[in-house]
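Reader: Hi! I have a new model open on my screen and would love to talk it through with you. Could you pull it up so we can both look?

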Amino acid sequence: MSNCPVWIIIPIYNQSALVEQCVESVLTANVETEYKVCLIDDASTEPEISALLDRFEGDARFECIRNSENLGFTRTANIGIRQAGRSNPLLLNSDTIVYDHWLDELVGILGSEPKVSSVTPMSNQWGSHLTCYPDAKMSDVSLIDVPDENIARAAYDACGGVGTAIHAGVGFCLLLNRQCIDEVGQLDEINFPRGYGEEADFCYRASYLGWRNLAAAGCFVTHLHGKSFGSEKALLMETMISNFRSLHPSQPALDLSFQERDPMRHVRRRIDLGRLKQDLSGSSELLFLASNQEQPSGAPFLSAENISSKGVELRMISATTVYPNIGTYSLPIDAALLANDMKIVGIKRLVIDCDTQGLIDLRNLIAVGSELEVRTKEKGNRQ
Amino acid sequence: MNIQAVMMVRNEIDIISASLTEKLGLFDRLLVADMQSTDGTREVVDAYADATKRVDVYNFPYLARQQAECLSCLSKIAFKSHADWVFFLDADEFLKVENRADLESYLLNCGSQIVHLPWINLIPTEYGTFSDFDIDQEFSWTGRLSTYSKVAVSGHYYLSNPDFVLEAGNHNVRRNLSCARPEDVELGFPLYHVPIRSVERIKYKAANSLVVDSGKHNRRTDEAGHLTNLHEILGANEVTPELLNGMCMDYGEKAKIAPVDPKKLDWPSAKLAIPATEIPKLTISPLNALGLREKDKSKSWRSVNQPLNATVGAMVDNGELILLPQSVRGNGGLGPLRFPRLAPGYVDPGVSFDEKAILKALCSSLIRPPFNVFSAWTDLVPALGMIFSTMRPRRFVELGTHNGMSFFSACQFSEFLKTNTQCIAVDSWEGDPHAGTHSPEVFTNFQSNLRSRFPSQIYLRTFFQEAAHAFDEGSIDLIHIDGFHSYEAVRSDFETWLPKMSDRGVMIFHDTNVHRNDFGVWQFWEEVTKSFPSIELKHGHGLGILYVGKENSDVSEVFEYFRTKPDYQTFLKTFLEAQIEAIRIEKANPSNHVNGITAERDRITAERDRITAERDRITAERDKLSKLLVERTEALNMIATDKWWRRTRHFRRWSNSIRKLRGRPKKKWPGPVL
C-alpha cells in the first residue's frame with residue numbers, strides 16, 4: 001500500500017523489448033507527480049520478462065507481482081487495482097511509450113472536475129479509436145511523418161490542461177478514479193476475462209451513475225497497437241463487440257454520434273497549431289496563399305471588388321499535408337479564428353501572395369480588431 | 001414542487017416500515033394499493049397514514065396482476081391533485097438520492113418529461129427471516145445497472161398525454177393504447193432494489209405469482225417469467241445464501257443463475273440511508289409462509305372475467321380499487337370508465353312525430369354509408385338509418401360487433417344526421433359458434449377502420465356481462481343485441497341490459513327471422529313482443545325493434561303511431577324491402593357507383609400523369625436539340641469566317657477535281673465552299 005497519488009499498473013505478457021522500452025520511457029519522462037510502477041507478470045513464457053522484473057524488484061518506485069498462472073488482462077489489471085489501495089490506478093499497456101509531463105496532465109484533468117471517472121490521453125493514428133491524432137479515423141498509415149515525441153511536446157504546449165468529454169475511455173493508457181471504482185466496482189472479470197472492452201464497460205457503467213470520462217488533450221502517448229494479442233485478436237474483438245452490445249445497447253448510437261460530432265477535432269487542430277509553432281522556431285512571419293471563387297488556385301491577382309463581394313480563402317502553403325487539421329481560413333467569417341490561431345502560434349505578420357490593390361481590402365478583412373500586420377509578398381520573390 | 005409516489009404492496013411486513021419511512025422523507029404524498037395483505041402490512045400502512053396524513057391506502061381485492069392499470073388509475077388521482085412528478089415504485093425499491101433537496105434538484109434539471117430509474121439489485125450480506133430483515137446492513141452489487149428500469153412521469157407529460165398508459169411491470173409508459181411503441185428510455189438516477197430478503201419470503205412470492213398470473217387477462221407470454229423461473233430453481237436446489245446472491249445479482253433477467261460470493265469478487269458495496277422515524281413500530285405476531293397462505297385464502301377475493309387481451313381499467317370506489325373493462329376511442333385514447341345516466345324526459349326539440357318526420361326517415365333510409373363492410377347486416381342498413389333519424393339516440397350500444405358493418409353504419413348515421421350519438425361497440429372479438437371463431441385480423445381491421453374514420457367513437461373489448469358493469473342505469477337510448485343467438489343467451493342479454501335502458505330506450509334484435517340450428521331469437525322475440533311495443537322487419541334475417549322505455553315519451557309516440565296505422569307500417573316495410581334489390585345491384589355492379597367513379601378518376605389521373613411526363617420529356621428533348629443547333633451553327637460560322645479556311649479553298653477544290661477524275665462523288669465540306 002502506498003500513499004502516492006498514482007499507481008501505474010503495467011500488466012505484462014511476453015514482448016520483453018516493448019516492455020523494457022515502455023518502462024524506460026516512464027522512468028525517463030520528466031513528471032512532477034509522484035507515482036509508483038506496478039509490474040504484473042501474467043505468467044509470461046519468455047525468460048527475459050522474469051529477468052526484467054528481477055532488475056526492478058529492489059527499487060522503491062516499483063512493485064513487482066508475478067501471477068502463478070495466466071489470468072488474462074482484466075484479472076491481472078484488477079490485481080493491480082486492488083494492490084493500489086487508495087491510489088488512483090493508471091492502466092498502461094506494455095506496448096506504449098510516454099513522454100515528458102504525461103502524468104501531470106492526466107492527473108490534472110482527473111482533478112479538474114468533481115466526478116471524473118477516467119482520463120484517456122491522445123494517441124497516434126493507430127493507437128486509440130477515440131483520441132487519435134492527426135486523423136479522426138484509425139488507420140495503419142499516418143497522414144504525417146513526424147516523430148511522436150514532437151507531437152507530444154506540441155500537445156503539451158498547445159493543449160495543456162484541456163479536458164474534452166468522451167463517452168468512454170480507451171484502455172491502452174487509462175487513469176481511473178479510485179472513488180469511482182468504489183462506487184461501480186472494478187473491471188468486469190466475468191464478461192470480459194481476456195481484455196478488450198473491459199475498460200469501456202467500466203466507463204459506461206460509471207457514466208450511468210453520472211460520472212464523466214475525459215480525454216487529456218495535452219498528453220500524447222504512443223501506442224504500438226495490435227501487438228498485444230497477436231493472431232487471437234480478431235476473434236477476441238468479435239466476441240467482445242457482441243458481448244458489449246448486449247450489455248450496452250446504446251453503444252452503436254453513442255459511437256455514431258461521437259463520429260458525427262467529432263468533439264476531438266478542436267484538440268487535433270490545437271495540436272497542429274502547436275506543431276506549427278515548433279516548426280516556425282521563433283519566426284514571426286507566415287506565408288499564405290489567397291484565393292476565392294473568382295480567382296481560384298492561388299492566382300496572384302485579386303481585384304478589390306472580388307475581395308469585397310466573394311470574400312477570400314487563406315491557405316498556408318502545403319498545410320494539408322503537414323498540418324491536416326488546420327485547413328483554410330475563409331474570410332471574413334474566420335477572421336477572429338485566424339487572429340486567435342496566429343496568437344497561439346506567435347505570428348505577428350502575415351505575408352500574402354497578392355497585388356497591392358487587393359491588399360488594402362484584404363487587410364481590412366483580416367486585421368479588424370487584431371494586431372496582425374498584413375504584407376504582400378515581395379515582387380521579386382513571387383513564384 | 002409536488003412529488004408523489006404510487007405503489008402496490010402485498011404482504012411485505014419485513015420491509016414496509018423502512019420503505020414508507022424512506023418514501024415519506026422524499027415524497028409529498030404516497031398512494032398505496034394494498035392487495036389485501038394479511039401479514040400486518042396493511043396495519044403498518046394505516047399507522048403511517050394516521051400519523052402523517054400523507055398516505056392514502058386503497059384496498060385491491062383481486063387476485064390478478066393488473067398492477068399497471070391500478071397504478072395508472074392512482075397516478076391520475078395524483079396528477080389531478082397537482083403532482084409535478086409521480087413515481088411508480090414497489091416496497092422493495094429505494095431511491096438513490098441523498099435527500100429531498102437532491103431529488104428536487106435532479107428533477108428540475110433533468111429536462112425530460114419521463115425519467116427511467118434503473119435498478120441496482122442489492123445483495124444482502126445477511127439474509128433475514130420471513131418477517132424480519134435488517135435494512136441497515138451493508139449490501140453489495142455487481143457494479144452493473146440492471147437492464148430493467150422503473151418509470152417516473154412528470155405532470156407535463158400527463159398534461160400533453162392524459163391518456164398515457166403504464167406498461168406492465170411499471171417499466172415504461174406509452175402515449176395511449178394504440179401507440180405501439182413505448183417511450184424511449186433515458187436513464188435517470190438508479191433505484192436500490194432489494195428483491196430477495198429471505199428464503200421463505202422469495203419462495204412465498206414466487207408461489208403467489210403463479211396464482212396471481214393466472215388471473216391476468218392482458219398477459220404477454222414473457223411476462224413475470226423470472227418469478228416462474230425462480231420458483232423452479234428454488235424447488236430444485238438446496239437454497240444456499242450464495243444461490244440467493246446469484247438470484248439477486250441480475251434479478252428479473254433470465255440469465256442462468258449460479259451461486260455467487262460477492263466478497264470474493266470485490267464487488268462495490270452500498271448502504272441504504274433510511275432516516276429515523278417517529279412512528280412507533282407495531283408489534284405483529286410473526287407468521288410463516290404456510291400460515292400466511294392459509295390466511296390469504298380466508299380473504300374474500302373478487303374475480304374478473306375478461307377475454308384475452310382485454311383492456312382493463314381501474315377506478316376508486318369507496319376506498320377500493322375496482323377493475324372495469326376500459327373503453328377505448330378509435331384514436332387510441334381512453335374512453336370513459338363509466339357511462340353515466342342520461343337525462344330523463346329528454347325530447348329532441350327538432351323532432352315531433354308526424355308525416356314530415358316519416359318523410360325525413362324515408363329519406364334517411366336512402367343514405368348509403370360509403371364506408372361499407374359487407375355482411376349479413378347490409379340489407380338492414382336503411383332500417384337503421386330510419387331508426388336514427390326517428391329517435392335521434394344519444395347513446396348507441398352494440399353487443400356483438402364482429403367486423404362492424406352495423407356499427408360503422410350507426411357511426412355514419414350519427415355523423416350524417418348530426419345526432420351526436422355516442423356509439424359504443426362491445427365485443428370480445430373471440431367469436432362464437434354462430435359467427436365462427438374470429439381470426440385476430442377481424443379485430444385489428446375493425447380497430448384500424450375505426451381509427452381512420454371515427455376516431456372519437458368507442459369500443460369495449462370484453463364480455464357482455466363485464467361490459468354491463470360500465471353502464472349506469474338508464475344510460476342507453478338504443479341498443480343493438482347481436483351476440484350469441486341461442487334463446488338463453490338472448491334472454492340473458494335482454495335481462496342484463498334492460499335496466500341500463502333510458503326512459504326512451506329502444507332495443508333492436510338481429511336474426512329474429514332465422515329458424516335453423518339452435519338460433520332462438522325468434523322464440524324470444526315472440527315472447528317479448530307480448531309485453532313491449534314492437535315492430536319487426538322480416539328481411540335481412542329479421543330485425544326486431546322493441547320499445548322498452550316509459551309511456552308518453554317522444555319515442556313511444558312513434559310506436560303508437562305505427563300501431564294505430566298498420567297501413568303505414570306495411571308501406572314502410574315494403575319500402576325498406578324494395579331497397580334490398582337496389583343494394584344488391586350496387587354491390588354486384590360497383591362500376592355504376594362510387595367504385596366505378598373512383599376507378600375512372602384513377603384512370604384519368606394516371607393518363608394525365610403519363611401525358612405530363614411525356615410532355616416534359618419532349619420539352620427537354622427540344623431544348624437539348626435547339627441548344628445543339630445553336631452550338632453547331634456557331635461552329636459553322638466560325639469555320640466560314642476563319643482566315644485559313646478561306647485560304648485553303650483551292651485545296652478543297654483540287655481535291656474534288658481529283659475525286660471527280662477518280663470517279664468518286666464530290667465531297668461536301670462543312671460551311672460554305674468558297
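Reader: Let's start with chain A. What percentage of its residues count as buried?

Author: Happy to help. This is a predicted model, and in it 54% of the 383 residues of chain A count as buried.

Reader: And what does the secondary structure of chain A come to?

Author: Chain A has 14 helices and 14 strands.

Reader: How much accessible surface does chain A have, and what share belongs to carbon and sulfur atoms?

Author: The accessible surface of chain A is about 16,700 Å², with 51% of that belonging to carbon and sulfur atoms.

Reader: What about contacts in chain A between residues at least 6 apart in sequence: what share joins residues at least 24 apart?

Author: Of those contacts, 77% join residues at least 24 apart.

Reader: Can we zoom in on L338(A)? Which helix is it in, and is it buried or exposed?

Author: L338(A) is part of helix α13, residues 335–345 of chain A. L338(A) counts as buried because its relative accessibility is 0%, where the cut-off is under 20%.

Reader: Which residues does L338(A) touch, leaving aside those up to four places away in sequence?

Author: With those set aside, L338(A) touches F288(A), L314(A), Y329(A), L331(A), L350(A) and I366(A).

Reader: And how far apart are L338(A) and T164(A)?

Author: They are 174 residues apart in sequence, and 22 Å apart in space from C-alpha to C-alpha.

Reader: Where is R269(A), and what does it touch?

Author: R269(A) sits in helix α10, residues 265–280 of chain A. Not counting residues up to four places away in sequence, R269(A) touches N325(A), I326(A), Y329(A), L337(A) and D341(A).

Reader: An arginine, so I'm curious: does R269(A) count as buried or exposed?

Author: R269(A) counts as buried, because its relative accessibility is 16%.

Reader: Switching topic: which residues have the most contacts inside the largest nonpolar core?

Author: Those are I8(A), W102(A) and F87(B), in a core of 156 residues. Strand β9 of chain A, residues 212–223, gives the largest share of this core, with 7 residues.

Reader: Which residues does F87(B) touch, again not counting those up to four places away in sequence?

Author: On that count, its contacts include I3(B), V6(B), F27(B), L95(B), L103(B), V151(B) and F189(B).

Reader: Which residues belong to the other core, of 47 residues, that lies apart from it?

Author: Among them are I358(B), L362(B), M386(B) and V558(B).

Reader: Nice. Now for empty space: how many cavities of 30 Å³ or more are there, and what volume has the largest?

Author: The structure holds 3 cavities of that size, and the largest has a volume of about 280 Å³.

Reader: Which lining residues are the closest to the centre of that largest cavity?

Author: I387(B), T390(B), I535(B), I545(B) and F562(B) are the closest, out of 20 that line the largest cavity. By type, the lining divides into 17 nonpolar, 2 polar and 1 charged.

Reader: Which element gives the largest share of that lining?

Author: That is α12(B), with 5 residues.

Reader: Is α12(B) itself mostly covered or uncovered?

Author: Mostly covered: 11 of its 11 residues are buried. Those buried residues include V381(B), L384(B), M386(B), F388(B) and M391(B).

Reader: What follows α12(B)?

Author: R392(B) does, and its phi is positive, near 40°.

Reader: Where else should I look for a positive phi in chain B, outside glycine?

Author: Try Q36(B), with a phi of about 45°, and D266(B), with a phi near 60°. Q36(B) is in the loop between β2 (29–34) and α2 (41–52) of chain B, and D266(B) is in the loop between α9 (262–265) and β13 (269–270) of chain B.

Reader: Does each count as buried or partly exposed?

Author: Q36(B) counts as buried, at 7% relative accessibility, whereas D266(B) counts as partly exposed, at 34%.

Reader: Last one: which peptide bond is cis, and which loop does its proline lie in?

Author: The bond from Y133(A) to P134(A) is cis, with omega near 10°. P134(A) lies in the loop between β6 (116–123) and α5 (148–159) of chain A.

Conventions:
Residues numbered from 1 in each chain as written. Chains lettered and ligands numbered in written order. Predicted model: local features only at pLDDT ≥ 70, side-chain atom pairs only at ≥ 80, totals over all residues. Heavy atoms only, no water. Core = buried A, V, L, I, M, F, W, Y, C linked by side-chain atoms within 4.5 Å. Buried < 20%, exposed > 50% of the residue type's maximum accessible area, 1.4 Å probe, protein only. Helix = DSSP H or I, 4+ residues; strand = E, 2+ residues; numbered from the N terminus. Contact = heavy atoms within 4.5 Å. 1 Å grid on protein atoms, 1.4 Å probe; cavity = no way out; pocket = protein on both sides within 12 Å on 5 of 7 lines; lining within 4 Å. Points joined across faces, edges and corners; volume = space filled by probe spheres on them. Nonpolar A, V, L, I, M, F, W, Y, C, P; charged D, E, K, R; others polar. Areas by Shrake-Rupley, 256 points an atom, 1.4 Å probe, with all protein chains shown as cover.
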